[in-house]
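Hello,

Here is the structure I said I would pass on. Please open it first, then read my notes below.

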Amino acid sequence: MSDIEFHAVAKTADLDDGEAIQVIVGKKEIAIYNLEGTYYATDDICTHAYASLADGYIEGDSIECPLHGGCFDIKTGKALTPPVTEDLKVYEIKIDGEDILVGVPG
Amino acid sequence: MSDPGIVVIGAGQAGGWAARTLRDEGFEGGIVVIGEEPYPPYERPPLSKEVLLGKEPAESSYLWPEGSFGDLGIELRTGVEATSIERAEKTVVLSDGGTIAYDKLLIATGGRVRRLPIQGETLEGVHYLRGIDDSAAIRADLGEGAKLVVIGGGWIGLEVAAAARMLGADVVVVEALEQLCGRALTPDLATYLLDVHRGRGVDVRLGTTVEALTGESRVSGARLSGGETVPATAAVIGIGIVPNVELAEAAGLEVQNGIVVDALCRTSDPDIFAAGDVTNHPNGLLGRNIRLESWENAQNQGIAAAKAMLGGETPYCEIPWFWSDQYDVNIQLVGLPADIEETVTRGNRADGSFVEFYMKDGKIDGAAAIDNPRDIRFAKRLMQAEKTVDPAALADPSVKLQTLLRG
């Protein structure tokens, strides 16, 4: 889609494998993840309560919310375990040299 | 009449999640959920936090939007109480005179507030906090110029105190023991929390009791054990809950500090299960029986009970986890540490973000964190894996906890 704008939000060196960080694009909080060298992006705020998933716990392909322990699939945003029932939005990632770019609807 | 299906007594966190799980797991029979309160299943933690502060409406605490149960073919009967369980007939008798037959029954009756039978307890402006209506009533008394006396320096009392301060009230917290949260926190961490509250202007009185609440029709003061009377425009009593075991007891089920269940949430009657605050259940990881009053246990034991009712055989066994929010401070606890041999601190208390690990036999037996929820998740994983960990590594912030879990 042409209305997706890519924003450089972080450097690849900012995240080790199995880590996540929060970035802000416009007014949107987005979590960027590194899963074995591949980067993914989802909404950062849990769909259940106000918590930053970037502070959560990554296990395999899932992120566990630090507040109440709900899990989401990082690659698809799908809500996996209670109390979360609503999926996260996912965003496209591009890597340009050392830059991580995240695609957000303009 | 259709075939009896599954009846759930209690429409709280445990009962709500159980009913929902029955459907999620493919159960197609009838499900009836009976709740005393007029609301759909909701979670209680926000009632002493966001909802009390007025940041979120009460409806935000609903587990699912109103009407969700109807969409799932679950019959939710609110505003009605179960008055007896007739095990021989396999029926539940209701306060409205109705009777519901069950094939399997789940008791998720939770708890009710422990009352403090002192003079003045029933004065206007004296509150307990358990349900949505209580939260609204307390909030209504926290307007301009409010002077709140909180009786009980446990989680509920402290969360209410924090919310009241944030709303501008003068707050006195009266705690009978010499420390806050005496059942849950180490003295050291309790002191940290005491400083948080005193730093926000709460007048905390430890080792003190309220002998009477004074006033004509409305509370105007609290007479303390030292003889002093502090002025009050409202009071909140938060001294714990009592499990609602009476139905189970009257039905002849085994009850001992809660309804006794096994790891599959079964009571002493094979067709009757129980979940949530009301159960006394075994915990294989801790090696003892426990009764928990926690959000996580209500949810997850409710889910476990539903699966067991459908023939599942996975024992319910998790390391207990709790949290509290007071002001902008997030407190999380994992485990029920007993006989702590060594406390390892990671992070800097002065920064307001740290974790204490409570060690026993070279392993983590529990942990508590101030504004560091992430490390608590790792602590829980390390405990579940029963890893022996090096205290020096735990204390070293340059050592990532992931590596300890992998190692």
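**What I found**

In β22(B), N330(B) is the bridge partner of D325(B). That pair belongs to a longer match: six bridges join β21(B) to strand β22 of chain B, residues 329-334. The two strands run antiparallel. Please keep in mind that this is a predicted model.

**The sheet in chain B**

Now step back to the whole sheet. It is open and has five strands. Their order in chain B is β21-β22-β25-β24-β23, with antiparallel pairing. Which strands stand at the edges? They are β21 (321-326) and β23 of chain B. Each has a single partner strand, so one side of each is left without a neighbour in the sheet. From one strand to the next, the twist averages 15°.

Go to the β23 edge next. Strand β23 of chain B covers residues 342-348, and strand β24 of chain B covers residues 353-360. Seven bridges join them, and they run antiparallel. Within this pairing, G347(B) stands opposite F354(B) in β24(B). The two strands form a hairpin with four residues between them. There, G352(B) takes a positive phi near 80°.

One helix goes with this sheet. Helix α9 of chain B, residues 373-384, lies across β21, β22, β23, β24 and β25 of chain B. Strand β25 spans 363-370, and the helix runs at about 165° to β25(B).

**The sheet in chain A**

Chain A has an open sheet of six strands. The order is β1-β10-β9-β4-β3-β2, and the pairing is antiparallel. At the edges stand β1 (4-11) and β2 (19-25) of chain A. Each has a single partner strand, so one side of each lacks a neighbour in the sheet. Neighbouring strands are turned by 30° against each other on average, direction ignored.

Look inside this sheet too. How many bridges join strand β4 of chain A to strand β9 of chain A? Two bridges do, and the strands run antiparallel. Strand β4 covers residues 38-43 and strand β9 covers residues 90-96. Here A41(A) stands opposite Y91(A) in β9(A).

**Where the chains meet**

Last, the contact between the chains. Chain A gives ten residues and chain B gives nine residues. On the side of chain A that touches chain B, five residues are nonpolar, three are polar and two are charged.

Best wishes

Notes
Residues numbered from 1 in each chain as written. Chains lettered and ligands numbered in written order. Predicted model: local features only at pLDDT ≥ 70, side-chain atom pairs only at ≥ 80, totals over all residues. Pairing = 2+ DSSP bridges. Axes fitted to C-alpha atoms, helices over the stretch in contact; angles between N-to-C directions. Contact = placed C-beta atoms within 7 Å. Nonpolar A, V, L, I, M, F, W, Y, C, P; charged D, E, K, R; others polar.
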